Amino acid sequence: MGFLDRLFGRKTGTETAPAKEEEMIADVRCPHGSLVAHWDEPQAMGKSDAVSYYICESCGERFSPEQGQRFMTEAAERVRIAEEERAQPSEG
Ligand SMILES: [Zn+2]
C-alpha cells in the first residue's frame, strides 16, 4: 500500500480545506438570496407591497422593491428546483 496514495498525491492525516475565506473573497458575485425588507414609514411595516427598499444581508447592497422582489423570487425558485431535484433524483 502507500504507493497509491503517493500516485494520486494524497496526503494522509488531517487535511482541512484551507481556502474557504479566499474562495469567498474571490467569488464576488452575490446571489442576493437573503434580502431584508425596509420600510420608510413605520405604519407600512410588514406590508410586502409597501416596502421602501431591500438590503442584502450577504453583501449589504441596496435594492428597489422591484429588484428585491425579483431576487427573492429567483432565490425561492432556486430552492424549489433544488428541492424538486432532491425529491426525484432520477427521472427517466
Ligand atoms: Zn447580495
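**Exercise 1. Find what share of the contacts with a separation of 6 or more comes from residues 24 or more positions apart.**

Solution. Start from the contacts in the protein with a separation of 6 or more; residues 24 or more positions apart account for 29% of them. Keep in mind that the model you are working with is predicted.

**Exercise 2. Write down the order of helices and strands along the sequence.**

Solution. First count the elements: there are three helices and three strands. Then walk along the sequence, and the pattern reads α-α-β-β-β-α.

**Exercise 3. Work out how the strands are arranged in the sheet, and which of them are edge strands.**

Solution. Take the pairs one at a time.

- S1 and S2 are joined by four bridges and run antiparallel. Within this pairing, His38 has Tyr53 of S2 as its bridge partner.
- Strand S2, residues 53-56, also pairs with S3, again in the antiparallel sense, over two bridges. Here Tyr54 sits opposite Phe63 of S3.

Putting the pairs together gives an open sheet of three strands in the order S1-S2-S3. Strand S1 (35-38) and strand S3 (62-63) each pair on one side only, and these are the edge strands.

Now look at the connection from S2 to S3: the two strands form a hairpin, with five residues between them. Gly60 lies in that turn and has a positive phi of about 80 degrees.

**Exercise 4. Check whether the span of helix H3 agrees with its 23 residues, then count its buried residues.**

Solution. Helix H3 covers residues 65-87, and at 1.5 Å a residue its expected span is 33 Å. The multiplier here is one less than the number of residues. Next, compare this with the model: the end C-alpha atoms of H3 are 32 Å apart, so the two values agree.

For the second part, two of the 23 residues in H3 are buried, and the helix is hardly covered. For the protein as a whole, buried residues make up 7% of the 92 residues.

**Exercise 5. Locate His32, describe its phi, and decide whether it is buried or exposed.**

Solution. Begin with the location: His32 is in the loop that links helix H2 (20-26) to S1. Its backbone deserves a look, with a phi near 50 degrees, a positive value in a residue other than glycine. As a rule, most residues other than glycine have a negative phi.

Finally, apply the burial cut-off, which asks for 20 or more other C-beta atoms within 10 Å. His32 has 21 such atoms within 10 Å, so His32 is buried.

Definitions and conventions:
Residues numbered from 1 in each chain as written. Predicted model: local features only at pLDDT ≥ 70, side-chain atom pairs only at ≥ 80, totals over all residues. Pairing = 2+ DSSP bridges. Buried ≥ 20, exposed ≤ 12 C-beta atoms within 10 Å, placed from the backbone. Contact = placed C-beta atoms within 7 Å.
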